[in-house]
Amino acid sequence: MLEVRGVRKSFDGFVAVNDASVSVARGQIAAIIGPNGAGKTTLFNLITGHLRPEAGAVVLEGRDITGLPPHDVCRLGMGRSFQRTNIFPRLTVYQNVQAAFLSHRGRGLDLWSRVDELYRGETEALLASLGLRERAGEVSGFLSHGAQKQLELGIALASEPSLLLLDEPTAGMSVSETRETIRLVERIARERGLTLLFTEHDMEVVFSIAQKITVLHQGRVIAEGAPADVRADAEVRRVYLGERR
């Protein structure tokens, strides 16, 4: 589904991502982990077109998408959520998701049609799957942080992606919100047949659902494989726990 081949990105001489390669198989739930400053978000930005790599390539389903702008990458089947919640805070929950459907299906610039009934069924069904149908009329900016992250997931899903990237999906959540969100993400991925790639600091979350883990440290991939293999890797233990070889 996704191949990232030796990408590199620097900022004013600081190398944030250095010759990083990642692959994700169709239908897989994969995670990218690493300490703060490891380059995880920069790598996500390179994959999704928010940044252009200085070297390397990003290939989605056999197509080279390196450097394509984010809206084109989205149209090719890649959805994304961000560390900071990215919603329309003054719109209702319903309007946020409906707007995403309108944009994805080419109705965003339609100035002549009434939009209040467009994609109502799809919007209500998606909100129901997220547990937000009863909150459809609420103004999004007043939702809890956890509910806003659920809504952002709904906005991403409205673009009908085949590959979904989630950047710190449980950041800032309580323990109970974290557990609910991870169960939700896992269920949605299974029901929709999604390929999922996410970054996360909470190792309990990572090892509870990831089928494959890639570890970044100082912009480089230092380990990749099944959770049990990554957990036992000496270099990973040194980076995370300060253990000596």
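Helices (DSSP runs of H or I, at least four residues) and strands (DSSP runs of E, at least two) are numbered here from the N terminus. On that scheme Thr178 is found in helix H6. The model is a predicted one, so local features need pLDDT of at least 70 and side-chain atom pairs count only at pLDDT 80 or more, while totals for chains, interfaces and linings use all residues. Residues are numbered from 1 along each chain as its sequence is written, and side-chain values use heavy atoms, with hydrogens and water left out.

Thr178 makes a handy place to start. Its relative accessible area is 9%, so it counts as buried (under 20% relative accessible area, against over 50% for exposed and in between for partly exposed, with a 1.4 Å probe and protein chains only). Leaving out residues up to four places away in sequence, Thr178 touches Thr170, Met173, Asp202 and Val205, where contact means heavy atoms within 4.5 Å.

Next come the sheets. Strands of a sheet pair through backbone hydrogen bonds, either parallel or antiparallel. Two strands are taken as paired if DSSP finds at least two bridges between them. One open sheet has six strands in the order S6-S7-S8-S3-S9-S10, and its pairing is mixed. S6 and strand S10 (220-225) are the edge strands, each pairing on one side only. On average, neighbouring strands of this sheet are turned by 15° against each other, direction ignored; axes are lines fitted to C-alpha atoms, for helices over the stretch in contact, and angles run from 0 to 180 degrees between N-to-C directions.

What about strand S3 (residues 29-33) within this sheet? Five of its five residues are buried, so S3 is largely enclosed by the rest of the structure. Both faces are covered, with Ile29, Ala31 and Ile33 buried on one side and Ala30 and Ile32 buried on the other. S3 runs parallel to S8, and four bridges join the two; here Ile32 stands opposite Thr199. S3 also pairs in the parallel sense with strand S9 (residues 212-217), again over four bridges, and Ile33 stands opposite Val215 in S9. Further along the sheet, strand S7 (residues 163-167) and strand S8 (residues 195-199) are parallel partners over five bridges, with Leu164 opposite Leu196 in S8. Helix H5 lies across S6 and S7, running at about 155° to S7.

The other open sheet has four strands in the order S2-S1-S4-S5, with antiparallel pairing. Strand S2 (14-24) and strand S5 (63-64) stand at its edges with a single partner strand each, so one side of each has no neighbour in the sheet. Strand S4 (residues 55-60) runs antiparallel to S5 and is joined to it by two bridges; Leu60 has Arg63 as its bridge partner in S5. Helix H1 (residues 40-48) lies across strand S1 (2-11), S2 and S4, at about 120° to S1.

Now for the empty space. The search ran on a 1 Å grid over the protein atoms alone: a cavity is a set of points where a 1.4 Å probe fits but cannot get out, a pocket is an open set with protein on both sides within 12 Å along at least five of seven lines, and lining residues have an atom within 4 Å of a point. Grid points are joined across faces, edges and corners, and a volume is the space filled by probe spheres set on the points. The structure holds one cavity of 30 Å³ or more, and the largest cavity takes up about 70 Å³. Helix H5 (145-157) and helix H6 (175-192) each supply at least two residues of its lining, and H5 gives the largest share, four residues. Among the lining residues are Ser81, Glu152, Leu166 and Thr181.

The largest pocket holds about 730 Å³ of space. It is lined by 26 residues, of which Cys74, Arg80, Ser103, Ile155 and Ser159 are the closest to its centre. Helix H2 (70-75), strand S6 (78-81), helix H3 (93-104) and H5 each supply at least two residues of the pocket lining.

Finally, Asn86 is found in the loop between S6 and H3. Its relative accessible area is 46%, so Asn86 is partly exposed. Apart from neighbours within four places in sequence, Asn86 is in contact with Glu152 and Ile155. The C-alpha atoms of Asn86 and Ala16, 70 residues apart along the chain, are separated by 24 Å.
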